[in-house]
Amino acid sequence: MVRRDEASAPFFDALARGELTVRRCSDCAELAAPQSRACPVCSATAHEWTVVEGSGVLVSWTVRRDRGGEILAVGGIVELTEGPWLRARLAIEPCRLSAGLPVTVLIERRDGEEPVPVFTL
Ligand SMILES: [Zn+2]
């Protein structure tokens with residue numbers, strides 16, 4: 001999960017505007033996940049933020065349950081259509097989860113908290 005700091009502030013500011021963004025390397029234009037600290041291809045740290053469509057496919061997921069089997073949280077890794085992988089909460093029933101499942105983002109806003117991307121069907 002991405003937390004707000006100086007580096008990720010533009011990511012959260014974009015979410016607040018209703019836009020999901022990823023990093024685009026200033027040197028080679030490769031796209032990288034929001035939490036990346038450097039370009040995965042050329043290791044440059046200079047980057048801009050670019051808006052992505054907000055769709056992708058599910059790569060993997062975990063379901064956290066309490067002792068009674070009640071679901072506490074469902075989280076996963078989504079491969080965005082543009083390429084980068086994003087770790088996020090899933091608003092999808094666990095029985096429907098499968099690798100390669102097409103998902104789309106919605107932006108969850110709660111009072112007093114940063115907006116976060118959540119993926120749904
Ligand atoms: Zn690069």
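Accessible areas were computed by the Shrake-Rupley method with a 1.4 Å probe, and for residues only the protein chains shown count as cover. On this basis the accessible surface of the chain comes to about 7000 Å², of which 48% belongs to carbon and sulfur atoms. The structure is a predicted model, in which local features need pLDDT of at least 70 and side-chain atom pairs count only at pLDDT 80 or more, while totals for chains, interfaces and linings use all residues. Residues are numbered from 1 along each chain as its sequence is written, and side-chain values use heavy atoms, with hydrogens and water left out.

The secondary structure of the chain consists of one helix and eight strands, where helices (H or I, at least four residues) and strands (E, at least two) are DSSP runs numbered from the N terminus. The order of the elements from the N terminus on is α-β-β-β-β-β-β-β-β. The radius of gyration, taken over C-alpha atoms, is compared with a globule rule of 2.2 Å times the number of residues to the power 0.38. For 121 residues a compact globule would have a value near 14 Å, and the 15 Å of the chain agrees with this. The C-alpha trace spans about 50 × 35 × 25 Å along its principal axes. Buried residues make up 36% of the 121 residues; buried means under 20% relative accessible area, exposed over 50%, and partly exposed in between (1.4 Å probe, protein chains only). Of the contacts (heavy atoms within 4.5 Å) with a separation of 6 or more, 47% are accounted for by residues 24 or more positions apart.

In helix α1, the buried residues are A9, F11, F12, A14 and L15. An α-helix has 3.6 residues a turn, so residues three or four places apart point the same way. The buried residues of α1 pack against β1, β3, β7 and β8, the last of these covering residues 116-120. The helix is followed by G18, which has a positive phi near 90°.

A zinc ion is coordinated at 2.3 Å by the SG atoms of C25, C28, C39 and C42. Donors are N, O and S atoms within 2.8 Å of the metal (3.2 Å for Na, K and Ca); water is not among the atoms, so sites may look incomplete. The spacing of the donors along the chain is C-x2-C-x10-C-x2-C. C25 belongs to strand β1 (residues 21-25) and C42 to the loop between β2 and β3, so this pair ties together parts that are 17 residues apart in sequence. C25 is buried, at a relative accessible area of 5%, whereas C42 is partly exposed, at 35%. The angles subtended by the four donor atoms run from 103 to 118°, which makes the arrangement tetrahedral. Four donors count as tetrahedral if all angles lie between 85 and 135 degrees; four count as square planar and six as octahedral if opposite donors are over 155 degrees apart and all others between 65 and 115, and anything else is irregular. Ideal angles at a metal are 109.5 degrees for four tetrahedral donors.

Two residues in loops have unusual backbone signs for their type. Most residues other than glycine have a negative phi. A29, although not a glycine, has a positive phi of about 70°; A29 is placed in the loop between β1 and β2 and is partly exposed, with a relative accessible area of 40%. S43, also not a glycine, has a positive phi of about 70°. S43 is located in the loop between β2 and β3 and counts as exposed at 54% relative accessibility.

Six salt bridges are present, a salt bridge being a side-chain nitrogen of Lys or Arg within 4 Å of a carboxyl oxygen of Asp or Glu. One of them joins R37 to D5, with the closest N and O atoms 3.0 Å apart. This pair links distant parts of the chain, 32 residues apart: R37 is in the loop between β2 (31-32) and β3 (47-51), and D5 is in the segment before α1 (9-16). R37 is exposed, with a relative accessible area of 54%, and D5 is partly exposed, at 32%. R89 and E108 also meet through their side chains in a salt bridge, at 2.4 Å from N to O. R89 lies in strand β6 (residues 85-90) and E108 in strand β7 (residues 102-108), so the pair ties together parts that are 19 residues apart in sequence. R89 is partly exposed, at 29%. E108 is in addition bridged to R110, the closest N and O atoms being 3.7 Å apart. R110 is partly exposed, with a relative accessible area of 47%. R4, D13 and E114 are joined into one network by salt bridges that share partners.
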